[in-house]
Amino acid sequence: MGKIANNKYRAARADVLRRFGKVLYELGAIKDKKPFEDAANECANGPVPNTHLKTIDRANCWGYNLNNVLFNMQPKTKIKELKPSGSVLSSIQMNVLVIGNCIVNENHIEDPLAHLEFNIIIKGELTKKSSVVCSWHLDRHPEGLKDPEDVHPVYHIQYGGKNLNLGGETFHYGSNLILDTPRFAHLPLDGILGADFILSNFFGEFRKNCCDNSTAYSRYLRDSQDTFWRPYVLATSHHWNKSSPIGYGWPAVKIFPQLISEVK
């Protein structure tokens, strides 16, 4: 794709993101739509967000930082199995850094993203007003690094991450043992899919109402599912279905490293 085509693609992705943020705000899902507006402006106008990776073709990429998206705590929602007993959720925040490829060919399956960092930070309070926190992290395993001995699906979600720090090494974590493993293979999440992930898991009834009563919510969600989930699923299914006429440049073993490609 040339520069004009790339800019057109960036503008299209930015427009969907901006519109989805407006829909979320109008539905009462988020406290402020400005993080989506800022991210959309960055996506449309650049520059592509900085990362430590040198392999990203920035001339043919789009991207954005979507930071500090705060979700409204829906009054009818009750979180089950909340520990410690007596604690109450006070906030759910989403931060996303996305860098995607402008070159898209629906007849040749490639990874649509070059970089991804997705974080959920959940904060709460105990009845005695002490703070508690929970954090989940999803990212894309960087290209070009030496393959680790433990399993690293290209897109993986794990508990903890950089945001789970309750006072450093001297903090007493009780009976909890926190590790960076296991890493669960998971579909990629951009800002739109990430917001829906949070609504689906924490505010299920509210999310169902969004899908049932807002054509715009469903339309923008479907757009992101087609863009980011379709290649993931087709690349995975190609492991067992080699007869597909579509070309493939995304090995399924990158998605699920446990897969056995061939037994000799």
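**A selection tour of the predicted model**

Colour the chain by pLDDT to begin: confidence is highest in helix α2 (residues 34-45), at a mean of 98, and lowest in strand β8 (residues 247-248), at 76. This is a predicted model, and across the protein pLDDT averages 87, with 90% of the residues scoring at least 70.

**Phenylalanine 36 and the cores**

Next, select phenylalanine 36. Leaving aside neighbours within four places in sequence, phenylalanine 36 is in contact with Leu17, Phe20, Gly21, Leu24, Ile30, Leu66, Val69, Met94 and Gly191. Now widen the selection to the largest nonpolar core, which has 55 residues. Leu24, Phe36, Trp62, Phe71 and Met94 are the residues with the most contacts inside this core. Another core lies apart from it and has 7 residues, including Val48, Leu97, Ile99 and Ala114.

**Helix α3**

Gly191, one of the contacts of phenylalanine 36, is also among the buried residues of α3. Select residues 191-202 to show the whole helix. The 12 residues of α3 should span 16 Å at 1.5 Å a residue, and the end C-alpha atoms are 17 Å apart, which agrees. How many residues of α3 are buried? The count is 10 of the 12, so the helix is largely enclosed by the rest of the structure. The buried residues are Gly191, Ile192, Leu193, Gly194, Ala195, Asp196, Phe197, Ile198, Leu199 and Phe202.

**Aspartate 196**

Stay in α3 and pick aspartate 196. Is aspartate 196 buried or exposed? Its relative accessibility is 7%, and because buried means under 20%, aspartate 196 counts as buried. Show the surroundings: not counting residues up to four places away in sequence, aspartate 196 touches Arg207, Tyr217 and Leu221. Draw the distance to arginine 207, where the two side chains make a polar contact at 2.8 Å. Then go to cysteine 210, which is 14 residues from aspartate 196 in sequence and 9.9 Å away in space, C-alpha to C-alpha.

**Strands β4, β5 and β6**

For the last stop, select strand β4 (residues 113-125) together with strand β5 (residues 131-140); the two pair in the antiparallel sense over 9 bridges. To find one of these pairings, label isoleucine 121, whose bridge partner in β5 is serine 135. Ala114, a member of the 7-residue core, falls within the residue range of β4. Add strand β6 (residues 155-159), which runs antiparallel to β5 and is joined to β5 by 5 bridges. Here the residue to label is aspartate 139, with histidine 156 as its bridge partner in β6.

Methods:
Residues numbered from 1 in each chain as written. Predicted model: local features only at pLDDT ≥ 70, side-chain atom pairs only at ≥ 80, totals over all residues. Heavy atoms only, no water. Helix = DSSP H or I, 4+ residues; strand = E, 2+ residues; numbered from the N terminus. Buried < 20%, exposed > 50% of the residue type's maximum accessible area, 1.4 Å probe, protein only. Contact = heavy atoms within 4.5 Å. Polar contact = N/O pair within 3.5 Å; in protein donor to acceptor, adjacent residues only side chain to side chain. Core = buried A, V, L, I, M, F, W, Y, C linked by side-chain atoms within 4.5 Å. pLDDT = per-residue confidence, 0-100. Pairing = 2+ DSSP bridges. Expected span 1.5 Å × (residues − 1).
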